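I opened this model to look up a few features and note what I found. The entries below are short.

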Amino acid sequence: MTSKISSYFKLIFSDIRHRGWLAALSCITLFLLMPVYTMLYFSAYEATASDLLHDFPRLLNTGPAGYLSAAIAVLAVLSALSGFSYIHSREKTDFFHSLPVRRTMWFGTAWLSGVLAVLIPYLVCSILTIAVEAVNKGMTASLAGRSAEAVLGGVLAFFVLYNAGVFAVMLTGRTVTALLTSFAVIVYPILALTLVSAMENEFYDTFYSNGLTFPDKLAGYLSPAGLFSALIEQSSSGRLGFGIPAAALLMSALLIAAAVLVYRIYPSEAAGAALAFPVTGSILKVLICIPSALFISLIIQDLMMISGNKWMPLLSILAAVIICAVIDFIYTMDLRLLIKSWKSSLLSIAGVLAVLCFFQFDLAGYDTYLPDEEDIESISFQPAPFLNYFCYPESEHGMEPS
């Protein structure tokens, strides 16, 4: 048992040595954005105790203008891509899988070494940053608790994106497609879910939301990007509860389990191909194209300040055609084969039109719904557009109601 454990740690240390550039990049980036920036911050600004309680935790996971949170996200994806890049090479894959080591052990070695290469520098820099604050301003119990909460949020945020990146790598055979798939896995759930309220706002005259809608709230729990943002924001502001960390741990566990299962059946001949399992190509293409085309058409309308939705079908179909062509090119890397997968392209366009018809003709009855009289408890009317033309005493500072 001891020999197995020692050999396992030897594999981890060997993998870390081969990825020394990642550890060096993590150390340099986090050192500059955390303790060095904190020293500059305290030398330039005089902060009170209340200011420290509000601002200092943000230096542990958000950083100046969000640069630290962006660095954590980039390092998480880089760690995932570099740790399992060997499965994208036929020679390396054959070599590693020919050794008398189980695939699950190879997976655990690469996974854990990627975690250590980033989180050890992050924790060390967090301790140095807290030490800089303690030397300059002194450390209170409440500030120490808030600081530990911010560091915990940063660690959990890293885990969510890292595991999403690892799962994406297992689905692909090339590093470029692994990077694009990582972006899709991280962003896709929040894109698809927030698109629901965006389409309702665009097509339904009676749509009204006083805050986040249910799909928007759901996106914060089911999307790696939503969880990452919520963990960073809540932990840095001292509002980290139980729900978001629990959702982050659950999603990380599911992504790890899915990645291990896929890795165990990963075909060696998939190295160098766009996708590890070609049968998933058409499915992924349709799933990505439909919400992306609708989202792009909404953005174009907003940028061009086009009112109404009469241009939505044309813009959505045009975006769907372009997205299908781009995805097919990524799959084949050959312009002559763009029309080879015309069936999935046609299905994507049909899916876009089906979604537009669903909202255009109000098939759910959203705009035409009228409750029975006995079901109405109260009615209120809010003339929101009037706020642009009139001043009300309660909304203007210093005005008297008279």
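**Ala-148 and its surroundings**

I started with Ala-148, which has a relative accessible area of 47% and is therefore partly exposed. The model is predicted, so I read this as a computed value. Ala-148 sits in helix 7, residues 141-170. I then checked its distance to Ser-235. The two are 87 residues apart in sequence, and their C-alpha atoms lie 9.0 Å apart.

**Helix 2**

Next I looked up the span of helix 2. Its 25 residues should span 36 Å at 1.5 Å a residue. The C-alpha atoms at its ends are 35 Å apart, which agrees. I also looked for a bend. Helix 2 bends by about 40° at Phe-31. A proline, Pro-35, follows within four residues.

Which residues of helix 2 are buried? I listed Leu-22, Ala-23, Ser-26, Leu-30, Leu-33, Met-34, Pro-35, Thr-38, Tyr-41 and Phe-42. Pro-35, the proline that follows the bend, is thus on the buried list.

**Nonpolar patch**

I turned to the surface. Ile-28, Phe-31, Leu-32, Ile-120, Val-124 and Leu-128 make a nonpolar patch of about 540 Å². Phe-31, where helix 2 bends, is one of the patch residues. Which helices each supply at least two residues of the patch? I noted helix 2 (20-44) and helix 6 (103-136).

I checked one patch member, Val-124, which is found in helix 6. Is Val-124 buried or partly exposed? Its relative accessibility is 44%, so Val-124 counts as partly exposed.

Conventions
Residues numbered from 1 in each chain as written. Predicted model: local features only at pLDDT ≥ 70, side-chain atom pairs only at ≥ 80, totals over all residues. Heavy atoms only, no water. Patch = residues over 30% accessible without salt bridge, like charges linked within 9 Å, V, L, I, M, F, W, Y side chains within 5 Å. Areas by Shrake-Rupley, 256 points an atom, 1.4 Å probe, with all protein chains shown as cover. Salt bridge = Lys/Arg side-chain N within 4 Å of Asp/Glu carboxyl O. Buried < 20%, exposed > 50% of the residue type's maximum accessible area, 1.4 Å probe, protein only. Expected span 1.5 Å × (residues − 1). Bend = angle between axes of the 7 residues up to and from the residue.
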